[in-house]
Amino acid sequence: MPSGFYKDSISHFILIFAYHFLAMFQESVHARVFQNYLEKVNFPQEPQHLYDPIRYILSLSGKRIRPLLVLMGAELFDESAVEPALPASAAIEFFHNFSLIHDDIMDVAPLRRGKPTVHQKWNDNVAILSGDALLIKAYQELAKCPTDKIPDLLRIFNATSLEVCEGQQYDMDFEKRAQVSETAYIDMIRLKTSVLLGCALQMGAIIAGADVRSQRSLYDFGVNLGIAFQLQDDILDVYGNPKSFGKQVGGDILSNKKTILFVKLQELICPTDQDQLAYLLNQTIDTEPEKVEKMMGLYAKYDIHTLAIYQKEKFTTIAYEKLMEIQVEADKKQTLFSLADALMHRVQ
Ligand code: GRG
């Protein structure tokens, strides 16, 4: 039997396991407790155009990773801290959804979670204002957290929110730049996406009364996992299975998006292939299928897929190391290790 057969079978098994674990995680006790809490948060009926979009975005099937990280971060240090961490978990999910509403306006995105975006279903002004209201609702939830923890929670939450804005601005700046280094790209995704995962975990740890060193390790676990998560997203966009990915495969190539694959190619490409890359970047809508195919040809020539996987695994390993250094019993960390595994091997 060729060894590739075993390798493929093992990879297939890992994918199936990861997929089911992620689903299990989303149906976990924490997920149910969070959902019950969310259903009790009051969003008035009127004005409809302010609160209906909020109800709508929160009803779409998001993975709810961030609020669950808050609860898991709390549970890691003190099981009884899960309940008091619920308002913080809602604050994080509200902030995340607010940022998605505004991000979709900026990107003129038609779809979010497979459904029309808020600005598409209503309009830009409705989306701006309901997003703003959702951000305020996040602060309302923060104000419900245990009083003695609020100053620390506010510090990390506000610092993270500003970093997310910085990441968003870098991302928009990069769209206009011809050249972006790998370091600059990774720093952009750290700010735009990863710090919020670290923040979610740290907020849970703060509520559970964890010491500052453990809080920091858990934060670093989240940030490194978040970077690996985004790199996996970049990889899936090109090499994902169209049936399970839920988005158009090759979408990033068609929109000339800076991704880990693209910045790696730019770094390694020989002068003889530069013209072809420039030609592909200028291709219009009429030549789309060819564009994806040809770019994938260039990625294959420079083994970009392998290099991107290597980077993703590098950040996953750092994340695991950070989790390992936290001084709590090993079995308490198991769910976080398994979650990290599931996220890294996800297919959507
Ligand atoms: C902070 C004041 C302030 C403004 C925000 C719009 C903006 C500025 C930032 C955009 C941040 C953003 C949308 C980052 C993308 C993060 C990301 C990877 C989203 C997808 O996360 P998933 O896969 O989504 O967890 P679900 O749908 O499962 O919730």
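## A tour of salt bridges and one buried glutamine

Begin by selecting Asp-148 and Lys-149, whose side chains meet in a salt bridge with an N to O distance of 3.3 Å. In this predicted model, the two partners fall on opposite sides of the accessibility scale: Asp-148 counts as exposed because its relative accessibility is 58%, whereas Lys-149, with a relative accessible area of 18%, is buried.

Select next Lys-301 and Asp-273, where another side-chain salt bridge spans 2.8 Å from N to O. Lys-301 belongs to helix H15 (residues 288-301) and Asp-273 to helix H14 (residues 271-281), so this pair ties together parts that lie 28 residues apart in sequence. Colouring by accessibility would show Lys-301 as exposed, at 55% relative accessible area, and Asp-273 as buried, at 9%.

Move on to Arg-112 and Asp-104, which form a salt bridge through their side chains at 2.8 Å, N to O. Asp-104 is buried, since its relative accessible area is 3%. Extend the selection to Asp-103, Asp-171 and Lys-192, and you will have a network of salt bridges that links these three residues with Asp-104 and Arg-112. For the model, the salt bridges come to a count of 18.

Finish at Gln-311, which sits in helix H16 (residues 304-324) and is buried because its relative accessibility is 7%. Apart from neighbours within four places in sequence, Gln-311 is in contact with Glu-182, Ile-186, Leu-231, Ile-260 and Lys-264. Of these, Ile-260 can be picked out for a distance label: Gln-311 and Ile-260 are separated by 51 residues in sequence, with their C-alpha atoms 8.8 Å apart.

Technical notes:
Residues numbered from 1 in each chain as written. Predicted model: local features only at pLDDT ≥ 70, side-chain atom pairs only at ≥ 80, totals over all residues. Heavy atoms only, no water. Helix = DSSP H or I, 4+ residues; strand = E, 2+ residues; numbered from the N terminus. Buried < 20%, exposed > 50% of the residue type's maximum accessible area, 1.4 Å probe, protein only. Contact = heavy atoms within 4.5 Å. Salt bridge = Lys/Arg side-chain N within 4 Å of Asp/Glu carboxyl O.
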